[in-house]
Amino acid sequence: MLRKLGVKSSTMYAAGFASIGLSVASWLTSKSIEHAGVDRADRWGIFVGQWAPTFFALGVALRIEETQGTEIPRSKHDIREELIEAGYAEGRAPSRAGV
């Protein structure tokens with residue numbers, strides 16, 4: 001679905017790295033601006049930091065779609081013709097004589 005919307009794997013990887021930076025920024029901001037203590041800053045940093053693995057996983061899934069989705073499905077007849085041309089007719093391997 002993301003691929004149909006035009007989202008690319010590189011976009012997801014960039015979002016993952018941005019999430020890591022945003023996690024550190026939110027931790028520092030929460031620690032210095034809010035006077036709720038380090039515990040609350042840690043929770044903000046962890047909350048935003050948990051987005052990164054999701055973005056990276058989506059990036060990997062999209063990369064697989066990008067690389068494998070471009071293959072043209074072949075019929076059994078096409079595969080059989082390729083095997084015959086390569087010398088694998090009726091389950092016999094091609095001769096390696098003189099090689």
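The following exchange covers the helices of a predicted model and some of its residues.

Biologist: Which conventions apply to the numbering and to the atoms used?
Modeller: Residues are numbered from 1 along each chain as its sequence is written, and side-chain values use heavy atoms, leaving out hydrogens and water. The model is predicted, so local features need pLDDT of at least 70 and side-chain atom pairs count only at pLDDT 80 or more, while totals for chains, interfaces and linings use all residues.

Biologist: What pattern does the protein follow along the sequence?
Modeller: Helices (H or I, at least four residues) and strands (E, at least two) are DSSP runs, numbered from the N terminus. The protein has four helices and zero strands. Read along the sequence, the pattern is α-α-α-α.

Biologist: What percentage of the residues of the protein count as buried?
Modeller: Buried means under 20% relative accessible area, exposed over 50% and partly exposed in between, with a 1.4 Å probe and protein chains only. Of the 99 residues, the buried portion is 14%.

Biologist: How far apart are the end C-alpha atoms of H1?
Modeller: The expected span of a helix is 1.5 Å times one less than its number of residues. For the 25 residues of H1 this gives 36 Å, which agrees with the separation of its end C-alpha atoms, 35 Å.

Biologist: Is H1 roughly parallel or roughly antiparallel to H3?
Modeller: Axes are lines fitted to C-alpha atoms, for helices over the stretch in contact, and angles run from 0 to 180 degrees between N-to-C directions. The axes of H1 and H3 (residues 51–68) come within 7 Å and cross at roughly 170°. Angles under 35 degrees count as roughly parallel, over 145 as roughly antiparallel, 65 to 115 as roughly perpendicular and the rest as oblique. H1 is therefore, relative to H3, roughly antiparallel.

Biologist: How many nonpolar residues does the contact of H1 with H3 have?
Modeller: Ala, Val, Leu, Ile, Met, Phe, Trp, Tyr, Cys and Pro count as nonpolar, Asp, Glu, Lys and Arg as charged, and the others, Gly among them, as polar. The contact of H1 with H3 has two charged and four polar residues, and its nonpolar residues number 13.

Biologist: Is H2 roughly parallel or roughly antiparallel to H3?
Modeller: The axes of H2 and H3 come within 5 Å and cross at roughly 5°. Relative to H3, H2 is therefore roughly parallel.

Biologist: Which residues in H3 do Phe47, Val48 and Gly49 in H2 meet?
Modeller: Contact means heavy atoms within 4.5 Å. The residues of the contact of H2 with H3 divide into five nonpolar, one polar and no charged. Those met in H3 are Trp51, Ala52 and Pro53.

Biologist: Which helices do the buried residues of H1 pack against?
Modeller: The buried residues of H1 are Ser9, Met12, Gly16, Ser19, Ser23, Ser26 and Ser30. Serine 9, with a relative accessible area of 2%, touches Gly59, Leu62, Arg63 and Glu66, not counting residues up to four places away in sequence. The helices that the buried residues of H1 pack against are H2 (38–49) and H3.

Biologist: How far does the backbone oxygen of glycine 45 lie from a polar atom of the side chain of serine 23?
Modeller: Serine 23 lies in H1 (residues 9–33) and counts as buried at 13% relative accessibility. Leaving aside neighbours within four places in sequence, serine 23 is in contact with Gly45, Val48 and Gly49. From the side-chain polar atom of serine 23 to the backbone oxygen of glycine 45, the distance is 2.6 Å.

Terms used. A polar contact is a pair of N or O atoms within 3.5 Å; within protein, one must be able to donate a hydrogen and the other to accept it, and residues adjacent in sequence count only if both atoms are side-chain atoms.
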